[in-house]
Every structure is written in C-alpha cells, then in structure tokens.
Amino acid sequence: MHWLQQLTNGLALGSIYALIALGYTMVYGVLRFINFAHSDVLMLGAFSAFYLAPKMEAIFGPQSAIGALVIIVLAAAICAAIGILIELLAYRPLRKRPKLTVLITAIGVSLFIEFTCQHGAVFGAATKPFPKLLPTRELHFAGIEMASNDLLVLVLTAVLLVAMWFIVQRTKMGMAIRAVSFNEQAASLMGVNVNRVISFTFGLGSALAAVAGIFYAMRAPGIEPLMGVQPGIRAFIAAVLGGIGNLPGAALGGLLLGVLETVAGGIPGVSNYRDGIAFAILILILIFRPAGLLGKAMIEKV
Amino acid sequence: MLELTDLTVGYGGITALHGISLKVEQGTIVTLIGANGAGKTTTLRAISGLVWAKGGRVTFEGEDITNQPPHKIVARGIAHSPEGRMVFANLTVHENLQMGAYLRSDKANFAKDLDFIFTIFPRLKERLQQTAGTLSGGEQQMLAIGRALMSKPKLLLLDEPSLGIAPLLTKTIFEQIVAINRDLKLTVLLIEQNANLALEISHYGYVLETGRIILQDAAAALRANPKVREAYLGG
C-alpha cells in the first residue's frame, strides 16, 4: 500500500468534507446553532445536477466541460435559494427564541426534506446512478494513481477555499459577517442589515454544500435522498474538530478527517472500524480540546 | 432635533421606562443622569432601535422613527456608542473604524475622517492593525467613540464613556467630546454615572429615577440644585 496514494485519496475526500464544513461553521458563526438541514441541501445539490445533466447534455453535448460548469453553477444557485428560504421560513421566526428551539427545528427541517424527497412523487427512495458529468481518466504521477475527477475536485475545492477566505477577510460583506458573528447588536448599530447578512451566509454556505454534493455524488455509486446524512455528520465533526465558527478550522478539520478515514481504511484490521473513526475523533475532541484545533476557548455569553 | 414623547419600554413583565419625554436641541450636549437601573441605557437603546418601545414616540428631525430597525436609524444620522463599548474584538482597529463607516460610500473622505479620528485619539493610530480585543479599556472606549464618529452622525448617543477607565483617560475623552461638539456642531446625548463630570460639559440635563424623569434644567442650574447635589453630586 502506498501512503502517498492514501494521502491523495484522503485529501480528495477531505476537501469535500471541508466544503460542507464551511457551511456549518459559517451559520454557527452568525446564529450560534447547528443547521442540521445543511446535509440535505447537499443532497438537493446532487439531485439538481442529476436533473440538469440531461438538459445540459442536449445543449452542450455529452460530458462537456462547459456543460459541467453550468450544471455546478446552476445547482449552487438553486441550493443558495433553498438555503435562504429555509432560514427565512423556519429559523427567522424563532430568532428570539432559545437556541434549543432552533436546533430542534433544524432537525425537523432535515427530516422533512429527507422524507418528502423519498416520496415517489418527488425523487423516490431508490438509489439513482449519478450521470457522468465529465470524461474520466486515470492519471499517473510519481507512482500515484488518481482519477481525473478527484484531482479536479481537489483543485476546485482549493479555489473555492481561497475564494471564501477572500470573501470573508477582504470584502465589505465578509467584514459584516465577522462583525455579526461577534456581536449582532453592535453590527446593527453600524448600519448592518443583520437579516441580509444572515441570508447571505445561508446562501453562500448552501451553494458550497451543493458543489460538495455534486463532487460527493461523482465519487459515490449513486444518489438517494439520504445520501447527505453520512458526509453531513462527518463535515459537522470536521467543523467541531477545527473549532466551530472558525473558517480555516473547518477546512483543516475536513481535510484531516478525510485523510484519517482513508488511511484507516487502508490498514488491515482497522479498516472495519473506518466509519467509527470520525466519532472517536469527536469524542476525543470533546474531552481534550472542546474548542477545537483552531478555536479559542470562549466563555458562554449569557 | 430629537424628541421623545411619553416613551414607554418594558422587558418581559418589567417596565423600564414609564413614559418619559425629553428634547435634545441641535448643537447641544444633553446629559441624562440617574442611578444604576434608572433607565438611562434603556432610553438610548430605544432611540437607536435596539429595544422595542411599547408606547410613545421618538422623533428625529421631525420624523417619527419609533421602532424602526437599528440599521435604518443609523442611516438617518444617529450613531450610538453603546454600553460596554461593544467593539468588535475579533476585528482590527482599522476594520472597526471601517465598520463605523459601513453605510458610507464616499471612499475619498474615508481617509480624511480617519485622520480626524487620529487627531483626537492618536492612540488609535498606533494600534491600527491590532485586533480590538487586545486594546485596554480606555483605548476600546476611544475606538467605540471613533467608530461611531466614522458614520458622520448628526446625533451621537454616548453610553457611560467613563466606565472602567483610568481618570486621566476619562479627562481626555471628555475634552474630546466637548471639542467635537464645538468644532463639528455635533449634537450629543450623553449618559454618565459621573454626574459632576457630565453636567460640567453639558448644556442641559435630565434626572431619571426608576424610569421617570423627575427633574430637568440647564446643566449649570442642576449642578446648583441642592437636591441634585445631595443625590448625585456627593453633597
């Protein structure tokens, strides 16, 4: 077994976790709760691509790069709208309520989406084969074998992570997001429309989830309405691992978790416990470093 | 310029303001004095839209602004330097000042106004790239006031600028408030535990007691008033 090979496989998977984890952590930053419906937005992203693919194939031809890009952008836009809508309908009316109420609502929204989509009139519960958006090739480099899709995912994720850093650190909206994360009231006294910032955050996080959902589907045997649950939980753990609310932490946590899982999967005897790794990490983090790797210990505000 | 008419505010079952009325004339410094819990902070928070008024009215430049969201009230020209300063500890000093100018689109004047803030609070210039959380209490207070000024307000609401600050810095801050009022013609509504200090720089004052205004007069007259002297000025 080649360690470098495991590492690249792990990074490809981990970068998908990282994209999802960013959504969890950004929403936590502005609203201080875990949006459990985030994993379902990911699934909706994959299904958007599933239904868009034949239409784009009709326009751009089979497996065209432009067609794939249009699919990804449209799916991201659809999911951004869905994310904004979820916040508007389900969470905004509860803004002044205890966080536990919002948290339970988030679980409700998640179950609602999952089981509505399982209905035969929507997507149906059966697994559907995900269309090949791009031609795939095996790439060989320095003894490492890598699917061209995995490389693409890795590169695109890196680009998205840099774009996210730019948005949050260098734009006015990003500064407003950071200000709202720190103190919503003070931000509103500066003239920030807090609702708009929260909508933007949901839209951005959901768009990233859609992209992650498509990338995840490209590696998975097929898609079905519960497909978001497993990567969703892992991305949530990645966000906690990195320090919830911390953007670089979420990216780091995602990459680490992907690599650990993949490496563990390659060790004989350990590979059976592969799925348990994420949870073992969560438990260890909660015991030894509850603020996460990059998070700062904070005193709970009352 | 600013007028509160019979303003009532309550939290949960408790009424914090029992219908208070007051006026702030353009170009003046007006101060609200009163003990802890008298409703001073609540008054400012009701003006800037952070708390909901149950009854009464807030008018600013002749327009009713009661219960508008805070970001719309800021846009009208009311800046609020809040209790506890509330600087963005995770942002740099420079970013905090940029946040103050959030609603302004005139980039050219930003640098000029930044320079003005540095002339009144030179300390901030030295700390420009530090995160605000690393500043001392006095520096954070300067930043909170500077940040509020960056919005180019017509009215500045100042909540306890002397709280938790060394006396020397308090003196500097109060001198600057006077200078800003005089040079920029900026109207100021100030609340302050240190009533002596507040009345010294103000034109007019109101005395709040358990959510009601019990006394109002020119600042000099309030300072001479035996009742005020006994209750708030240490005899």
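Here is a short chat about reading a sheet, a helix and a chain contact in a predicted model.

Trainee: Let's start with the sheet in chain B. In what order do the six strands come?

Mentor: Generally, strands of a sheet pair through backbone hydrogen bonds, either parallel or antiparallel. Here the order in chain B is β6-β7-β8-β3-β9-β10, an open sheet with mixed pairing. β6 (78-81) and β10 (212-218) of chain B sit at the edges with a single partner strand each, so one side of each has no neighbour in the sheet. On average, neighbouring strands are turned by 15° against each other, ignoring direction.

Trainee: How do β7 and β8 of chain B run, and how many bridges join them?

Mentor: They run parallel, and five bridges link β7 (residues 155-159) to β8 (residues 187-191) in chain B. As a spot to look at, B:Asp159 is opposite B:Ile191 of β8(B). Then find helix α1 (residues 40-47) of chain B, which packs on the sheet and touches β3, β6, β7, β8 and β9 of chain B. Its direction makes about 145° with that of β7(B).

Trainee: Now α6(B): is it largely enclosed or not, and why?

Mentor: Count its buried residues: 12 of the 13 are buried, so the rest of the structure largely encloses α6(B). Among them are B:Glu139 and B:Arg147. The cover includes β6, α3, α4, α5, β7 and α7 of chain B.

Trainee: And how many residues does each chain bring to the contact?

Mentor: Chain B gives 20 residues and chain A gives 13. On chain B's side, α2 (70-75) and α3 (93-100) each supply at least two. By class, that side has 12 nonpolar, seven polar and one charged residues.

Terms used. Residues are numbered from 1 along each chain as its sequence is written. Chains are lettered from A and ligands numbered from 1 in the order in which they are written. This is a predicted model: local features need pLDDT of at least 70, side-chain atom pairs count only at pLDDT 80 or more; totals for chains, interfaces and linings use all residues. Two strands pair if DSSP finds at least two bridges between them. Helices (H or I, at least four residues) and strands (E, at least two) are DSSP runs, numbered from the N terminus. Axes are lines fitted to C-alpha atoms, for helices over the stretch in contact, and angles run from 0 to 180 degrees between N-to-C directions. Two residues are in contact if their C-beta atoms, placed from the backbone, lie within 7 Å. Ala, Val, Leu, Ile, Met, Phe, Trp, Tyr, Cys and Pro count as nonpolar, Asp, Glu, Lys and Arg as charged, and the others, Gly among them, as polar. A residue is buried if 20 or more other C-beta atoms lie within 10 Å of its own, exposed if 12 or fewer, and partly exposed in between; C-beta atoms are placed from the backbone.
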